[in-house]
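Here is an informal walk through one protein chain, with the geometry kept in view. Take a look at the structure first, and then we'll go through the contacts.

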Amino acid sequence: MNRLRAIAGTLLATATMVAAATFGVVTPAAAAPAGLPGMDVSSYQGNVNWSAAWTNGARFAYVKATEGTYYTNPYFAQQYNGSYNVGMIRGAYHFARPDTTTGATQANYFVDHGGGWSKDGRTLPGALDIEYNPYGATCYGLSQSAMRSWITSFVNQYYTRTGRWATIYTTTDWWTTCTGNYSGFAANNPLWLARYAGTVGTLPAGWSTYSFWQWASSGTFPGDQNVWNGTLDRLKVLACNGPC
C-alpha cells in the first residue's frame, strides 16, 4: 500500500494515463463501487477519528500492524481498537519484505505484534500485503518460484498460529510479474485486490471473484478506500470463519 499510495499521488498530480498504465493502476474512480464501504490505514494517518468514519459509512477497516521483522505501527492500538470500539469489523495487515527474512518468520512477527485472530465476530483474518517493493527491485530479488515459496511459508505459518488463512492483498500486475500468476492460493486465501479504476479488471489467476477491493487512495474515509464484495452479514461470516 505504500507504493500504491505514492503512485496514486503522482498520477493525480500529472494526470497522465501513460504513467498509470505503466504501473497497472489508473486515476481513482469518481464514485465508490458497489459493496460494503470500508478503509485501510497505517501510521501515515496517525490518530484516526473513528466516530466520524463510522458516521460517514465505513463498516470495516484493515490496520497496518507490522512490516518485515523490524517495524510496528506506533498508532496500531488507537487504530485497531478504535475501529472496533465504534462498531467496525477490523483486521490487521502485514507489509511483506521477502528480501529480509522468511515468510514463516514474518508471520510469527505479525501474530506476535497484533496480527492474530479471535472468533469474536468482529475480527477479520490477518492480511498479507504483498506488492511493489518501495525500497528496490519490484520482486524483492526473488524468482517467481522463490516468491511462491515465500508466500506459502507465510500463509501456512499464519494458519498454524491462528487457524485462519490470511487474506492476500496484491495487484494483478505485481502478482503476474512476481509469482508467474500462480493460482494455488485462491482455494484458501481471500483476495484483496488493489486497483484504482472504475472496474476491478482481470483478477489474479485462480480467484473467480474478489473479497475486498481497494479502489482509491483517498476519499470519504481516512486512508485508502475499500469495499467488501458482499453484505455486512457475509462479512461477519468471514470474521467468524462461519457462524459465530
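A charge sits over a ring if NZ of Lys or CZ of Arg is within 6 Å of the ring centre and within 35 degrees of the ring normal. Arg59 does this with Trp54, lying over the face at 3.6 Å from the ring centre. Arg164 has its charged end over the ring of Trp117, 4.8 Å from the centre.

Some ground rules before going further. This is a predicted model, where local features need pLDDT of at least 70 and side-chain atom pairs count only at pLDDT 80 or more, while totals for chains, interfaces and linings use all residues. Residues are numbered from 1 along each chain as its sequence is written, and side-chain values use heavy atoms, with hydrogens and water left out.

**The overall picture**

The protein chain has 8 helices and 9 strands; these are DSSP runs, H or I of at least four residues for helices and E of at least two for strands, numbered from the N terminus. Of its 244 residues, 51% are buried. Here buried means under 20% relative accessible area, exposed means over 50%, and partly exposed is in between (1.4 Å probe, protein chains only). The chain exposes about 9,500 Å², with carbon and sulfur atoms supplying 52% of that; the areas come from the Shrake-Rupley method with a 1.4 Å probe, and for residues only the protein chains shown count as cover.

A contact means heavy atoms within 4.5 Å. Take the contacts between residues at least 6 apart in sequence: 65% of them join residues at least 24 apart.

**The end of the chain**

Which residues of helix α8 are buried? In this helix (residues 232-240), they are Leu235, Leu238, Ala239 and Cys240. They pack against five strands: β1 (36-41), β2 (60-67), β4 (89-95), β8 (212-216) and β9 (224-228).

Just after α8 comes Asn241, with a positive phi of about 60°. Most residues other than glycine have a negative phi. Asn241 is partly exposed, at a relative accessible area of 47%. Leaving aside neighbours within four places in sequence, Asn241 is in contact with Trp117, Gly163 and Arg164. Trp117 and Arg164 are also the ring and charge paired above, at 4.8 Å. The C-alpha atoms of Asn241 and Leu124 are 8.9 Å apart, although 117 residues separate them along the chain.

Two other residues have a positive phi. Tyr140, with phi near 60°, lies in the loop between β5 (127-129) and α6 (144-162) and counts as buried at 5% relative accessibility. Asn181 has a phi of about 60° and sits in the loop between α7 (172-179) and β7 (191-194); Asn181 is partly exposed, at 28%.

**Aromatic rings**

Rings of Phe, Tyr and Trp (its six-membered ring) pair if their centres lie within 6.5 Å; planes under 30 degrees apart count as stacked, over 60 as edge-to-face and the rest as tilted. By that rule there are 18 aromatic pairs. Tyr93 and Trp192 have ring centres 6.2 Å apart and planes at 85°, so the pair is edge-to-face. The pair links distant parts of the chain, with Tyr93 in strand β4 and Trp192 in strand β7, 99 residues apart. Tyr93 is buried at 0% relative accessibility, and Trp192 is buried at 1%.

Phe154 and Tyr158 have centres 6.5 Å apart and planes at 0°, so this pair is stacked. They are 4 residues apart in helix α6, about one helical turn. Phe154 is buried at 0%, as is Tyr158 at 0%. Ring pairs also link Phe60, Tyr62, Tyr93, Tyr169, Trp192, Phe212 and Trp228 into a cluster.

**Salt bridges**

There are 3 salt bridges in the structure, each a side-chain nitrogen of Lys or Arg within 4 Å of a carboxyl oxygen of Asp or Glu.

| Acid | Base | Closest N and O atoms |
|---|---|---|
| Glu67 | Lys64 | 2.7 Å |
| Asp99 | Arg97 | 2.8 Å |
| Asp112 | Arg161 | 2.8 Å |

Asp112 lies in helix α5 (residues 103-115) and Arg161 in helix α6, so their bridge ties together parts that are 49 residues apart in sequence. Asp112 is partly exposed, at 49% relative accessible area, and so is Arg161, at 36%. Glu67 and Lys64 are both buried. In the remaining pair, Asp99 is partly exposed at 35%, whereas Arg97 is buried at 11%.
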